[in-house]
Amino acid sequence: MFREAFTFASKEVTQWFPGHMHKGMRQVQKTLRNVDCIIEVHDARIPFSGRNPNFQDASYLRPHLLLLNKMDLADRSQQQKIDNKLKRQGISHVMYTNCKQQHNKIIKNELIPTIEKLINNSDRYHRTGMNEFNLLIIGIPNVGKSSLINALRRIHIKKGKATRVGAVAGITKSVLEKIKVCLDPLMYLYDTPGILAPNIQNVEVGMKLAVCATLQDHLVGQDTIADYLLYWLNKHHIFQYVQFFGLPGPTDDIYEFLTHVAKQHNKIQKVKSIEGQYVHRPDMTFAANLVLKAFRNGLLGKVMLDVDLLDKLDIPNIRNGKT
């Protein structure tokens, strides 16, 4: 018998908006005047959770393309439902990518022509007649924005990395100067820092963001994130973790799970008890990090964490003229 609901810890996961995010959002708004198309990058495992509503406001002003990245880690069996729900929300141009794949066919063959078509079919306002296209890349932290830029440069202009890539949320800190990403047609791209919504109203959304590493782990706690992951996997009958970590069977006890993983890797800490005696305890932080790393590398199965949102009714997108 598994838990029917997850009891959230008292740690605050709904407020994480560092100063560089405030600055980044202001810079995004200032940069829009010089932009022909907005490329929003998001994690395909959470196609709805955590998308910054401020980005939607920006997308009404310019052609908008949503790239659901990390598709190699996502369960795509519900893709049609995802696309339909996004359409109801006013997002009609969606592509699925894996920016770390060396020769991803979407980035190589389809992305640039799609962007060019979107721009040519729109009013470029004061940029009419400009020879080059300017793109703005936006998204929450650690969804693959820098990987996309580097992939475009590698494929389309045969150049190396232009931006730093990391597995930790918050690598890019400011809107950079224009980066050339394509020669024919000539395209430049403004990179931006990952910008979360100023607050995350739903704590479960915050946990999904944490599981996908769009929040820095220590802000929530590795053991708490691993516990939510265990709850979610069990709830959806995804039990690859049992074989991967050599468990005798599925478990709903995070302490039992992490203790097994720590002992399996001989990670035992010598700590001082409140009585002043030294005792040996399993290194739970090491174990939690190992579990999260395995999940984030796709070793515990492909997932779509927003499956519970697929059948929820959408508020009609009146501003974009769609329902």
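**Salt bridges in the predicted model**

At 16% relative accessibility, E132 counts as buried, because the cut-off for that label is under 20%. The model here is a predicted one, and E132 makes a handy way into its charged contacts. The partner of E132 is K178, and the two form a salt bridge whose closest N and O atoms lie 3.9 Å apart; with the limit set at within 4 Å, the pair therefore makes the list. This contact ties together distant parts of the chain, 46 residues apart. E132 sits in the loop between α4 (105-120) and β4 (133-138), while K178 belongs to the loop between α5 (145-156) and β5 (179-182). K178 has a relative accessible area of 35% and is partly exposed, so one end of the bridge is buried and the other falls in the band between under 20% and over 50%.

R51 and E40 are another case of a link between distant parts of the chain, this time 11 residues apart. Their side chains meet in a salt bridge at 2.9 Å, N to O. E40 comes from strand β1, and R51 from the loop that runs between β1 (37-43) and α2 (53-59). Here both partners, R51 and E40, are buried.

R45 and D43 pair up as well, with a salt bridge of 2.7 Å from N to O. Both ends are tucked away here too: R45 is buried, and D43 likewise.

Not every contact is a simple pair. R3, D227 and D252 are joined in a network of salt bridges. Overall, the count for the model comes to 9 salt bridges.

Notes. Residues are numbered from 1 along each chain as its sequence is written. This is a predicted model: local features need pLDDT of at least 70, side-chain atom pairs count only at pLDDT 80 or more; totals for chains, interfaces and linings use all residues. Side-chain values use heavy atoms; hydrogens and water are left out. Helices (H or I, at least four residues) and strands (E, at least two) are DSSP runs, numbered from the N terminus. Buried means under 20% relative accessible area, exposed over 50%, partly exposed in between (1.4 Å probe, protein chains only).
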